[in-house]
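Here is a friendly walk through one protein model, meant to be read with the structure open beside you. We will begin with a single residue and then step back to the whole chain.

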Amino acid sequence: MTRDARWIITLAALLVALATALGAFGAHGLRNVLAPERLEVFETGVRYQFYHALGLLGIGLSVVARERRGVRIAARLIVAGIVCFAGSIFALTFGAPAAFGIVTPFGGLLLMAGWVLFALTAWSARGG
């Protein structure tokens, strides 16, 4: 992997992990602090960070495509995180018991762990 690709992919993965953390912070830490319209603006920032970080990831991957074990594990963590995080939110939306909400933060941790592992794997790749 080239040095440029390593930087692009590593930064993109860290930005996605940060957006996940900021989204959780907004949903839990800022809900009772900010006025609803301010919270909406914050959420817009988080959403756009996700969009652009994922776009940056696409740019980095277009520079180089190489299969690595860490990438496969990171992908599995991210899929599990999506299922746990989004799945639990959807289940709660449609009437699952409130106790089911314990799954949501676990899913968020899986998402962040997957993105950080992806960043570390990209950073550790050697080449050009």
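## Starting from V71

Not counting residues up to four places away in sequence, V71 touches F118 and T121. Please keep in mind that this is a predicted model. V71 itself lies in helix 3. Is V71 buried or exposed? Neither label fits, because its relative accessible area is 26%, and that makes V71 partly exposed. V71 can also be compared with G114: the two are 43 residues apart in sequence, yet their C-alpha atoms are 8.7 Å apart in space.

Now look at the pairing from the other side. Leaving aside neighbours within four places in sequence, F118 is in contact with V71 and also with I9, A13, L57, L61 and A74.

## The overall fold

With that residue located, here is the wider view. The protein has four helices and zero strands, which read along the sequence as α-α-α-α. The C-alpha trace spans about 50 × 30 × 20 Å along its principal axes. Of its 128 residues, 30% count as buried. Among contacts with a separation of 6 or more, 78% are between residues 24 or more positions apart.

## Helix 1 against helix 4

Which way does helix 1 run relative to helix 4? Helix 1 covers residues 3-28 and helix 4 covers residues 103-124; they pack at an angle of about 165°, with their axes 8 Å apart. The two are therefore roughly antiparallel, since an angle over 145 degrees counts as such. Helix 1 passes helix 4 in a left-handed crossing.

On the helix 1 side, the contact is made by R6, W7, I9, T10, A13, L14, V16, A17, T20 and A21. Helix 4 answers with G108, L111, M112, W115, V116, F118, A119, A122 and W123. Sorted by class, this contact has 15 nonpolar, three polar and one charged residues.

## The nonpolar core

In soluble globular proteins, nonpolar side chains tend to be buried together. Here, the largest nonpolar core has 17 residues, and those touching the most other members are M1, I9, A13, L57, W115 and F118. Helix 1, helix 2 (36-63), helix 3 (69-93) and helix 4 each supply at least two residues of this core. Which helix gives the largest share? That is helix 1, with six residues.

## Two buried residues to look at

T20 and Q49 are worth finding in the viewer. T20 lies in helix 1, and Q49 is found in helix 2. T20 counts as buried because its relative accessibility is 12%. Q49, at 19%, also counts as buried, because the label applies under 20%.

What does each of them touch? Leaving aside neighbours within four places in sequence, T20 is in contact with F50, G108, L111 and M112. On the same basis, Q49 is in contact with L15, L18, A19 and L22.

The table below puts these two residues beside V71, where we started.

| Residue | Relative accessibility and label |
|---|---|
| T20 | 12%, buried |
| Q49 | 19%, buried |
| V71 | 26%, partly exposed |

To finish, go back to F118 in the viewer. F118 is in the contact between helix 1 and helix 4, is among the core residues that touch the most other members, and is in contact with V71.

Conventions. Residues numbered from 1 in each chain as written. Predicted model: local features only at pLDDT ≥ 70, side-chain atom pairs only at ≥ 80, totals over all residues. Heavy atoms only, no water. Axes fitted to C-alpha atoms, helices over the stretch in contact; angles between N-to-C directions. Parallel < 35°, antiparallel > 145°, perpendicular 65-115°, else oblique. Left-handed = near helix turned anticlockwise from the far one by under 90°. Contact = heavy atoms within 4.5 Å. Nonpolar A, V, L, I, M, F, W, Y, C, P; charged D, E, K, R; others polar. Core = buried A, V, L, I, M, F, W, Y, C linked by side-chain atoms within 4.5 Å. Buried < 20%, exposed > 50% of the residue type's maximum accessible area, 1.4 Å probe, protein only.
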